[in-house]
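Open the model in your viewer and keep the sequence panel beside it. This tour goes stop by stop, with something to select at each one.

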Amino acid sequence: MPEYWYNFLGDLPAHLPQVRDSGSPSAAEVSAKVRPRALAAQNNPSERWVAVPEQVGERLRQCGRPTPLHRAHQLEKHLGTAARIYLKREDVLPTGSFKLNTAIAQAFYAAQEGRTTLVTETGAGQWGMSVALAAQMFGLDAEIFMVRCSLEQKPYRRHYMELLGARVRPSPSPHTEIGRRILERSSDHPGSLGTAISDAIQHALDRPSAAYLSGSGMTHVYLHQTLLGLEVEAQLRENHGETLGVAGRGDHLIACSGGGSNLCGLMGPYLRARADGADLRLLAAESTAAPRLTAGTYTYGRADLGGFTPEVLGYSMGEDFVPPPVHVGGLRNHHSSAIVSLLRREGVLDAVAFEQRTALEAGRLLLRTEGLLLAPEASHAVAAALEVVAKADAQNLEPVIVVLASGSGHLDLQGYHEVLRDA
Ligand SMILES: Cc1ncc(COP(=O)(O)O)c(C=O)c1O
């Protein structure tokens, strides 16, 4: 497992636009109160390589890092393609997703600063599960606001968090002032990441011993997730004799995109090689339920509804946008992060959006060929890979394609069943 995270801010294709912070209290003041200082500092690290603390590395190894890089031979055979398809298997982690990589790091820093409770939001529940486990590892309490429609669709994730001793509340929540305001306007609001972030930050603000943690969208989260790209690079080279970016081959890195953390974790460490001329396509797969990168507007906006976060320039569906309650909770964000948006804006990142049915059909094909059941979010990346393979075949190319299998789908079977039962 890598001993350092990689700070790829210096490899971005342009300067990150300034954030706007006009709230009262300002987002900077809110952040200074609720976030552990070490994490705030990791939003703009001064060094290129940031050491993974020993206790964090130990816990990550205990959980199975480095995760396998799996060559999808059976899928390739089924498709009759000369492409070489690799899956980075984050689904094997104990909480069933890559979110654990940053949850462990963030819990460690919160504990080091003497905070006693971790507070966060969760969409589909994968992030909440990871925070609940990480809290347990470092002797902390966890309080989690889960998007209401996902909570109803996926009760098992709640059960897992509660088994670990976490307290789980639906969002919008009658427990917080912002939640009550949202519920007054719309009592059957299905919830969104925007409502859940607001609930969580407000809850943390009221408790000085609490630390608010973000599952995605923030630079420190992306930093922790660079283990993904660093491991892929080493595994391709050492175990498979492959290097990505061979000219004219059509090589691809593919990840689904919600808040952008699995995408940036996989692709961030490759930005320098790409800027230096490696022939490597970076592809984001999003949901047509919130198609920011393919159909959004490049504008200032916030990640939350309560106005606790700064306005950042990014691809957006608009702050009032409530995504339909599809089974891909992790891709239902209304505003893309500044970094992902910049990559897209500068032409470094391509993007494609899928209907949930198309994505889940791709997930089913992977199950039937490789025996792997991935989270619906990750199935969007698989759907994108199928399109890339079809195009490469038509052009007689033999690309190397790496797909981030960001999570396991065992707790999403209800969704697969409802969408595909008569297909
Ligand atoms: C399994 C899985 N994949 C992907 C995502 C999307 O998040 P991000 O875009 O930050 O990688 C989520 C978010 O909840 C998730 O749980």
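## Stop 1: Arg 61 and its helix

Select Arg 61, which sits in helix α3. The model you are looking at is predicted. Is Arg 61 buried or exposed? Neither label fits: Arg 61 is partly exposed, because its relative accessible area is 44%, and the partly exposed class lies between under 20% for buried and over 50% for exposed. Now add Met 1 to the selection. Arg 61 and Met 1 lie 60 residues apart in sequence, yet their C-alpha atoms are 7.4 Å apart in space.

## Stop 2: where α3 meets α5

Keep α3 on screen and show α5 as well. How do the two axes cross? They come within 10 Å of each other, at an angle of roughly 145 degrees. The crossing of α3 and α5 is right-handed.

Next, show side chains. From α3, pick Gln 55, Val 56, Arg 59 and Leu 60. They meet Leu 100, Asn 101, Ile 104, Ala 105 and Phe 108 of α5. Sorted by class, this contact holds six nonpolar, two polar and one charged residues.

## Stop 3: the largest nonpolar core

Stay with Val 56 and Ile 104, and widen the view. Both belong to the largest nonpolar core, which has 38 residues. Which members touch the most others? Select Trp 5, Val 56, Ile 104, Leu 118, Phe 138, Met 161 and Leu 213 to see them. Two or more residues of this core come from each of α3 (54-62), α5 (100-112), α6 (126-137) and β6 (141-147).

There is also a second core, separate from this one, with 36 residues. Leu 263, Leu 280, Val 340 and Leu 404 are among its members. Leu 280 will come up again later in the tour.

## Stop 4: the four-stranded sheet

Leu 118 leads to the next stop. Select strand β5, residues 117-122. How many of its six residues are buried? The count is six of six. Look along the strand. Thr 117, Val 119 and Glu 121 point one way, while Leu 118, Thr 120 and Thr 122 point the other way. Residues on both sides are buried.

Now bring in the neighbours. Four strands make an open sheet, ordered β7-β6-β5-β8, with parallel pairing. Its edges are β7 (167-171) and β8 (210-212), each of which pairs on one side only. From one strand to the next, the twist averages 20 degrees.

Check two pairings by eye. β5 and β6 run parallel over six bridges, and Thr 122 stands opposite Met 146 in β6. On the way to the edge, β6 and β7 are parallel and joined by five bridges. There, Phe 145 has Arg 169 in β7 as its bridge partner.

## Stop 5: His 252 and its surroundings

Jump to His 252. It lies in strand β9, residues 251-256. Is His 252 buried or exposed? His 252 counts as buried because its relative accessibility is 11%, and the cut-off for buried is under 20%.

What touches His 252, once neighbours within four places in sequence are set aside? Select Leu 280, Arg 281, Leu 283, Val 388, Val 400, Ile 401 and Val 402. Leu 280 is the residue already met in the second core.

## Stop 6: the six-stranded sheet

Extend the selection from β9 to β10, residues 280-287. Strand β10 is mostly covered, with seven of its eight residues buried. β9 and β10 pair in the parallel sense over six bridges. One spot to find is Leu 253, which stands opposite Leu 282 in β10.

Then step across to β13, residues 349-354. β10 and β13 also pair in the parallel sense, over six bridges. Here Leu 283 stands opposite Asp 350 in β13.

Show the whole sheet now. Six strands form an open sheet in the order β3-β4-β14-β9-β10-β13, and the pairing is mixed. The edge strands are β3 (69-71) and β13. Neighbouring strands are turned by 25 degrees against each other on average, direction ignored.

Finish with helix α18, residues 376-394, which packs on this sheet. Helix α18 touches β4 (84-89), β9, β10, β13 and β14 (400-405). Its direction makes about 155 degrees with that of β9.

Terms used. Residues numbered from 1 in each chain as written. Predicted model: local features only at pLDDT ≥ 70, side-chain atom pairs only at ≥ 80, totals over all residues. Heavy atoms only, no water. Core = buried A, V, L, I, M, F, W, Y, C linked by side-chain atoms within 4.5 Å. Buried < 20%, exposed > 50% of the residue type's maximum accessible area, 1.4 Å probe, protein only. Pairing = 2+ DSSP bridges. Axes fitted to C-alpha atoms, helices over the stretch in contact; angles between N-to-C directions. Left-handed = near helix turned anticlockwise from the far one by under 90°. Contact = heavy atoms within 4.5 Å. Nonpolar A, V, L, I, M, F, W, Y, C, P; charged D, E, K, R; others polar.
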